[in-house]
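Hi,

Here is the structure I promised to pass on. Have a look at it first, and then read my notes underneath.

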Amino acid sequence: MLQKLLNALRAQSKTTSGRRGFLKGMLAVLVLAPAIAALEACNQEGGNGGGEEPPAGMTPVNAETDATAKALGYHMDATKVDTAQWPKRAGAEGAKQFCKACNFFTAANGSWGKCTLIPSGVVNAGGWCNSWSPKAGA
Ligand code: SF4
């Protein structure tokens, strides 16, 4: 998004009011850039793990309100798991653990799927919980 703004600004500076307009635009970009960057980071972390939106009619599991998800330490982004609290996810073997490679996961699309243990919504393919178990045959 930030890149699009800069491109639009460059295009405007070539076609219209010249220096003054360019400087106003640059000022706007400088003021808005941190907010835009924060929003993009938030989208990648919490929104959908950087992947597709959840399938229509399906809601992501909320580990704050779903008691089972909370008890199992479910995280939408497995890379954000506190391995001191959840040592199963620590080390080289732990780093390979994602919902998409779990025996309880059934894909709904590329980024989301149903978990047998947490049925309140869809879990992220890049997520994790302490009940992670390798897919049969993997
Ligand atoms: S049981 Fe498996 S699929 Fe379900 S949340 Fe835990 S790691 Fe993800």
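**What I found**

Let's start with L117, which sits in the loop between β2 and β3. Keep in mind that this is a predicted model. Is L117 buried or exposed? Neither, quite: it counts as partly exposed, because it has 15 C-beta neighbours inside 10 Å, and being buried would take 20 or more. Beyond its neighbours within four places in sequence, L117 touches T68, L72, F104 and S131. As for S131, it is 14 residues away from L117 in sequence, with 8.5 Å between the two C-alpha atoms.

The strands on either side of that loop, β2 and β3, pair in the antiparallel sense over three bridges. One of the residues involved is K114, whose bridge partner in β3 is V122. They belong to an open sheet of three strands, ordered β1-β2-β3 with antiparallel pairing. β1 (105-107) and β3 are the edge strands, each pairing on one side only. On average, neighbouring strands here are turned by 45 degrees against each other, direction ignored.

Now the inside. The largest nonpolar core has 18 residues, and V61, Y74, C99, I118, V123 and W128 have the most contacts inside it. At least two of its residues come from β2 (112-115), and at least two from β3 (122-124). Leaving out neighbours within four places in sequence, V123 is in contact with V61, Y74, C99, F105, G113, C115 and I118.

Last, the ligand: 14 residues surround it, and C99, C102, F105, C115 and C129 come nearest. That shell has twelve nonpolar residues, two polar and no charged.

Cheers

Key: Residues numbered from 1 in each chain as written. Predicted model: local features only at pLDDT ≥ 70, side-chain atom pairs only at ≥ 80, totals over all residues. Core = buried A, V, L, I, M, F, W, Y, C linked by C-beta atoms within 7 Å. Buried ≥ 20, exposed ≤ 12 C-beta atoms within 10 Å, placed from the backbone. Helix = DSSP H or I, 4+ residues; strand = E, 2+ residues; numbered from the N terminus. Contact = placed C-beta atoms within 7 Å. Near = placed C-beta within 6 Å. Nonpolar A, V, L, I, M, F, W, Y, C, P; charged D, E, K, R; others polar. Pairing = 2+ DSSP bridges. Axes fitted to C-alpha atoms, helices over the stretch in contact; angles between N-to-C directions.
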